[in-house]
Amino acid sequence: MSTLTIELDLVIGGAFAEALPLPARVLDPEGGLIAEAVVSAHQRAQVIIPPEYRLVFVRLALPSGRDDVKRVDVPPDSTVGVLFSDPGSKENEWSTWAASRLSKVEASLIQGQGKPGMPIDQFRDVWLRLWEFQSGTWTPQPVQPTEKYRNAAAKQVDFALPKNTCWCLQLGSDSVPWRMVSLPGGNCRVLLTPNESTDPRKEPLKVIVTGFRADVEAQLEFLARDSIRATRSLGNHALLSKPRADGLRDPVAWIAAAYVALRTGDAQSLQPAEWFGGFAAQLEWSSDAAVASCAWLVRRGTIDVEQANLLLLKCLAHGLPMFAEGLYLLQEVASLVRASSGSTAAHLRYIELMAAARAWAGSALSFYGARPDAPDPGKFVGLPDQPRRVGTEERFAGRGAQFFEFLTAGDNGRRVFEQRSDGTKSESLPTPSALFTLGDI
Amino acid sequence: MTQILPGAARQGPGMHALILGVGKYPHLIEGDGDLADKPLGLGQLTSPPLSAAHFIDWCLGRLPGSPGGYINAAAPPASVEVLVSAPTPLQVNNGQGLVTVQAATLANVQAAFRAWLLRLKQDDNNIGVFYFCGHGIAVPDQYLLLEDFGADSDQPWDRAFDLTNTIRAVEREVKGTAYFFIDACREISLEVATTLGANPRALKVVVLRSPVLLRSSSLIFATGEGKLAFAPKDTISRFTQALVTALSGYAGIKEPGAATWGVDGEILAPAVRKLLEEENKAAKVPQVSEQAIAGKSVPIVQIPVPPRVKVKVDLSPKTMRVVAQFYLRSATGPAITHNGADGAFLTEVPLGFYDLGVLAAAQQFMPISRVNELLHPPLYSDTWRVQS
């Protein structure tokens with residue numbers, strides 16, 4: 001037997017408490033899997049190589065879908081080291097955290113290597129708007145970054161947002177469709193870079209968000225790309241069997257663990273059975289916790305349509321999930337409630353529209369629309385108070401978006417949805433007192 | 001109902017397929033019946049019968065060049081149920097003679113689905129395969145249109161079904177594994193969404209009080225949400241072509257200690273997308289497949305040999321081909337060489353690690369080399385820009 005030691009030297013910046021963990025797979029020359037491991041800058045991995053293998057390849061998987069491969073000769077009864085290194089450049093260290101979520105070309109460009117095909121300055125007119133969910137209403141807030149960074153390929157803003165409430169960043173311009181991206185409360189960072197993807201569905205700008213939780217976010221990024229093997233290898237379902245009180249100490253890790261367990265099917269075997277319910281109760285402010293709990297109860301078959309419907313309302317009373325996985329679960333439950341009850345209630349329409357308007361921002365929830373309460377599969381462009389429909393598709397033309405009001409009904413804090421129309425009229429959108437654009441970064 | 005593979009009384013787990021292809025829509029544009037009140041701009045399709053037939057051939061292991069079509073020792077083929085709507089009814093040779101396939105009307109589909117579900121429930125390790133090719137619409141739940149869609153102007157949506165909630169019902173009925181391959185458009189129509197009565201029913205009612213039982217679920221759509229799926233006239237659709245290719249030895253992963261190469265949803269979906277991406281290079285309108293993978297990894301096929309990789313390497317500018325010598329060397333085996341004067345470098349190799357590159361006969365350009373490259377199925381396609 002020989003031993004392979006895998007090390008990772010990957011800089012993601014001092015603002016991150018945890019290192020970025022990545023799954024590494026040890027393969028034989030024919031691509032057969034020999035072993036799997038997880039490696040981070042803080043933790044090397046050791047893998048036992050059976051004696052029949054003299055040559056192996058180590059493949060490090062990144063959340064973006066790309067990988068890095070090393071060839072390793074393994075003499076008998078030896079210990080061999082392999083190092084994956086991407087220290088990045090000092091002057092662009094602010095952007096290194098995002099490299100693992102970008103294509104190879106994009107990652108090089110944001111780290112100042114090469115000349116971007118489309119410089120970020122071509123998006124100077126892209127405006128940003130912040131929305132906060134307060135007392136059942138989405139309210140615009142001034143965009144006040146604590147830090148700003150830029151180079152030729154990317155711009156980045158840091159925010160310090162009040163915790164325990166929902167936030168959305170909206171961006172748009174005359175050429176960039178209006179889109180919302182969920183932000184975590186507390187300290188968070190947003191990087192914007194031109195999209196170099198060849199995917200025909202791509203938007204001109206990539207938006208990448210971090211709440212400075214490299215470990216949890218890496219797992220959710222893999223999950224968002226249906227990379228279940230990588231998600232599992234980073235997973236720690238043991239978290240879910242710890243006392244619920246621990247969830248309060250690290251709610252984001254708890255939420256991620258719940259989403260992963262629901263997707264991988266491991267939630268069925270979790271103990272104690274009431275874990276999800278207690279989890280949601282303790283993270284009262286979190287839409288994600290409410291959504292995960294609601295989906296789990298529905299999948300367990302322990303609640304009826306009326307109860308599921310009430311739980312959906314409760315989920316939305318907390319605003320919006322932070323993670324895209326939450327929208328899939330919301331849609332699952334809403335679709336079941338609609339099919340089982342025949343209801344066309346406003347909150348079900350809201351979820352349907354949000355699902356239809358879904359956009360891509362990795363693991364972060366993102367959707368098209370004029371306001372967070374007016375998701376719309378048709379796209380808008382223009383100044384923040386002057387939305388214009390994109391294209392001339394008959395089915396969308398002339399149809400004002402519907403927006404939804406979250407009204408407090410006084411029923412144990414339960415909120416009720418009210419559906420309005422013409423949410424795209426300019427008077428329903430706040431006139432920005434000071435326009436914040438990428439040109440300001 | 002038309003059973004091509006009758007599923008004789010056999011013990012143990014097996015694969016049960018339900019294959020639906022709808023090309024004939026009498027109540028849509030250019031159909032031979034009364035036109036529906038709202039035909040949604042939809043008409044007749046030539047591809048679904050051909051695409052469904054292609055998928056049937058794969059299930060029955062009759063595709064030339066394929067390592068044998070459906071192969072899975074853990075769940076051998078047990079039943080293949082088929083409904084296809086075409087101007088001329090499809091006939092399939094099931095080895096015992098020609099079988100005329102019945103039409104994919106709602107009544108027939110409901111009966112076939114019921115039988116399929118019953119068979120799936122008979123063993124906890126069964127694998128269910130549900131294939132549909134025809135018109136679809138997303139609202140954003142996915143609705144699929146059957147032959148008699150629009151027959152009743154008062155209840156036009158009566159003859160479509162809600163795939164999304166059909167899957168939810170399957171999840172609560174079956175303990176094993178289910179694969180859903182949906183070769184249909186997913187355009188999101190707010191017009192339809194806001195039309196009263198535009199809520200077709202699922203093929204089985206979801207009982208909300210029943211827990212989810214399904215161990216593994218893979219849903220692969222031909223196209224992304226809000227997008228269209230395409231097929232050239234009178235040919236197999238792009239998606240089905242890519243799907244069957246990927247399933248025929250161009251995808252797979254070998255887990256530690258395994259004797260075979262397994263293809264589960266997580267492996268299959270990117271292989272299909274990659275093949276479609278290659279097609280997109282020549283297509284007028286690009287198409288990108290989408291998937292939803294959940295639960296444990298349970299392979300749909302398990303092949304005894306390493307999956308193959310189609311290799312396609314070219315040079316830019318193409319004029320440099322004439323002096324180019326391509327090579328491809330496996331980490332453990334011999335090299336393949338190719339004279340660029342004969343055209344782009346096209347070959348097939350098993351999955352594995354390779355060094356590959358190109359040299360110029362008399363240093364007309366700088367050599368290019370890629371070392372330790374994992375050639376991953378189904379395809380390695382690249383165009384190298386050379387500089388003199």
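Biologist: Which are the buried residues of α2(A)?

Modeller: In this predicted model, the buried residues of α2(A) are A:Ala214, A:Val216, A:Glu217, A:Ala218, A:Gln219, A:Leu220, A:Glu221, A:Phe222 and A:Leu223. Because 9 of the 11 residues of this helix, which spans residues 214–224 of chain A, are buried, the helix is largely enclosed by the rest of the structure.

Biologist: What covers the buried residues of α2(A)?

Modeller: The cover includes the strands β2 (22–27), β5 (55–61) and β15 (205–210), together with the helices α3 (228–234), α5 (251–264) and α9 (324–341), of chain A. Just after α2(A), you can also find A:Asp226, which takes a positive phi of about 60°.

Biologist: How many helices and strands does chain A have, and what share of the residues in chain A is buried?

Modeller: The secondary structure of chain A comes to 10 helices and 22 strands, and buried residues make up 59% of its 441 residues. A single case is A:Ser366, placed in strand β16 (residues 366–371) of chain A, which counts as buried because its relative accessibility is 2%. Leaving aside residues up to four places away in sequence, A:Ser366 touches A:Arg179, A:Met180, A:Val181, A:Arg358, A:Ala359, A:Trp360 and A:Ala361.

Biologist: How should I read a salt bridge, and how many does a search of the whole structure find?

Modeller: Side chains of opposite charge can pair when their charged atoms come close. Here, a search of the whole structure finds 42 salt bridges over all chains. One of them is formed by the side chains of A:Asp121 and A:Lys155, at 3.1 Å from N to O. A:Asp121 lies in the loop between α1 (104–110) and β8 (127–134) of chain A and A:Lys155 in strand β11 (residues 155–161) of chain A, so the pair ties together parts that are 34 residues apart in sequence. A:Asp121 is partly exposed, with a relative accessible area of 42%, whereas A:Lys155 counts as buried at 1% relative accessibility.

Biologist: Which parts does the salt bridge between B:Asp162 and A:Arg338 join?

Modeller: The closest N and O atoms of B:Asp162 and A:Arg338 are 3.6 Å apart. B:Asp162 lies in strand β9 (residues 160–162) of chain B and A:Arg338 in helix α9 of chain A, so this pair joins two chains. Both B:Asp162 and A:Arg338 are buried.

Biologist: How is the size of an interface described, and what is the area buried between chain B and chain A?

Modeller: The size of an interface is often given as the accessible area lost when the parts come together. Between chain B and chain A, the buried area is about 4500 Å², of which carbon and sulfur atoms give 51%. In terms of contacts, 53 residues of chain B meet 56 residues of chain A. Across this interface the rule finds 6 salt bridges, and it also finds 18 residue pairs in polar contact. On the side of chain B that touches chain A, β13(B) gives the most, with 6 residues, and by class that side has 23 nonpolar, 15 polar and 15 charged residues.

Biologist: How are aromatic pairs read, and how many does a search of the whole structure find?

Modeller: A pair of aromatic rings is described by the distance of the centres and the angle of the planes. A search of the whole structure finds 21 aromatic pairs over all chains. The rings of B:Tyr179 and B:Phe181 have their centres 6.1 Å apart and their planes at 35°, so this pair is tilted. B:Tyr179 counts as buried at 0% relative accessibility, and B:Phe181 counts as buried at 0% too. Ring pairs link these two with B:Phe55, B:Trp58, B:Tyr70 and B:Tyr131 into a cluster.

Notes:
Residues are numbered from 1 along each chain as its sequence is written. Chains are lettered from A and ligands numbered from 1 in the order in which they are written. This is a predicted model: local features need pLDDT of at least 70, side-chain atom pairs count only at pLDDT 80 or more; totals for chains, interfaces and linings use all residues. Side-chain values use heavy atoms; hydrogens and water are left out. Helices (H or I, at least four residues) and strands (E, at least two) are DSSP runs, numbered from the N terminus. Buried means under 20% relative accessible area, exposed over 50%, partly exposed in between (1.4 Å probe, protein chains only). Contact means heavy atoms within 4.5 Å. Buried area is the accessible area (1.4 Å probe) that two parts lose on being put together, summed over both. A salt bridge is a side-chain nitrogen of Lys or Arg within 4 Å of a carboxyl oxygen of Asp or Glu. A polar contact is a pair of N or O atoms within 3.5 Å; within protein, one must be able to donate a hydrogen and the other to accept it, and residues adjacent in sequence count only if both atoms are side-chain atoms. Ala, Val, Leu, Ile, Met, Phe, Trp, Tyr, Cys and Pro count as nonpolar, Asp, Glu, Lys and Arg as charged, and the others, Gly among them, as polar. Rings of Phe, Tyr and Trp (its six-membered ring) pair if their centres lie within 6.5 Å; planes under 30 degrees apart count as stacked, over 60 as edge-to-face and the rest as tilted.
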